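Here's a quick tour for anyone meeting this structure for the first time. Have a look at the picture below, then read on.

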Amino acid sequence: MDEVLELAKKELIKQMKEEFPKFRYRLADGEAMNLSEAGTGQLVKYKEKDEFAIITAVKPTTKHPIHVRSESGSFKAVSNVFELVKDEKEVEEVLNKKLFKKQYDFMWTEGDVGYFLNKGEASPVVIGGTTRGKTRVFNFGIKTDGRYYSLDEQSMKRIFETKEEAESHL
């Protein structure tokens, strides 16, 4: 009986090597984020480089559905390379270090973080994409609901680089 099992194992391994599709898997430490947990404007941790990243778009029907801006640049990836940030202190740390500050003096670009004056309050926001002359601006934090402000060029002047600067315009 043991001989039959041994031969079956060898035959199975042989068939898997020849017929089974070739995939490469990577295991990473930590809790992986799944796609349903991702939201635009959300702060996450990029596990491969152990750095913060901000989700700038979620497009579930594409090969790489998560678009992010990390400390080292912008890229697209699958959700399992990110880990959820669960502590508001880390959001404050990112805001205080200005890791995702405005890239250019003359304009805001996708992934920049600033403070938006709305209803007498300065809220941290992430700049999203621009379509038809309007820029989507998402709330920034550890959990977002996908809501955004659609701002024209004039309204974009209500976004400031620091909270102090925004509050001085109240």
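What follows starts with the whole protein and then moves in on one sheet and one of its strands.

This is a predicted model, so to keep things careful local features need pLDDT of at least 70, side-chain atom pairs count only at pLDDT 80 or more, and totals for chains, interfaces and linings use all residues. Residues are numbered from 1 along each chain as its sequence is written, and side-chain values use heavy atoms, with hydrogens and water left out.

**The whole protein**

The protein has three helices and 10 strands; helices (H or I, at least four residues) and strands (E, at least two) are DSSP runs, numbered from the N terminus. Along the sequence they come in the pattern α-β-β-β-β-β-α-β-β-β-β-β-α. With a radius of gyration of 22 Å, well over the 15 Å that the globule rule gives for 170 residues, the protein is more spread out than a compact globule. (That radius is taken over C-alpha atoms, and the rule is 2.2 Å times the number of residues to the power 0.38.) The C-alpha atoms fill a box of roughly 85 × 35 × 25 Å, taken along the principal axes. As for burial, 38% of the 170 residues count as buried, meaning under 20% relative accessible area with a 1.4 Å probe, protein chains only.

**A five-stranded sheet**

One open sheet has five strands in the order β4-β3-β2-β1-β5, with antiparallel pairing; two strands pair if DSSP finds at least two bridges between them. β4 (73-77) and β5 (82-84) are the edge strands, each with a single partner, so one side of each has no neighbour in the sheet. From one strand to the next, the twist averages 40°. Helix α2 (residues 88-97) lies across β1 (43-46) and β2 (51-58), at about 85° to β1. Such angles run from 0 to 180 degrees between N-to-C directions, with axes fitted to C-alpha atoms, for helices over the stretch in contact, and contact means heavy atoms within 4.5 Å.

**Zooming in on β3**

Five of the five residues of β3 are buried, so this strand is largely enclosed by the rest of the structure. I66, V68 and S70 point one way, while H67 and R69 point the other. A hairpin joins β3 to β4 through two residues. Here is how β3 lines up with its partners:

| Residue in β3 | Partner residue |
|---|---|
| V68 | I55 |
| V68 | F75 in β4 |
| R69 | S74 in β4 |

Five bridges join β2 to β3, and β3 and β4 also pair over five bridges.

Methods. Buried means under 20% relative accessible area, exposed over 50%, partly exposed in between (1.4 Å probe, protein chains only).
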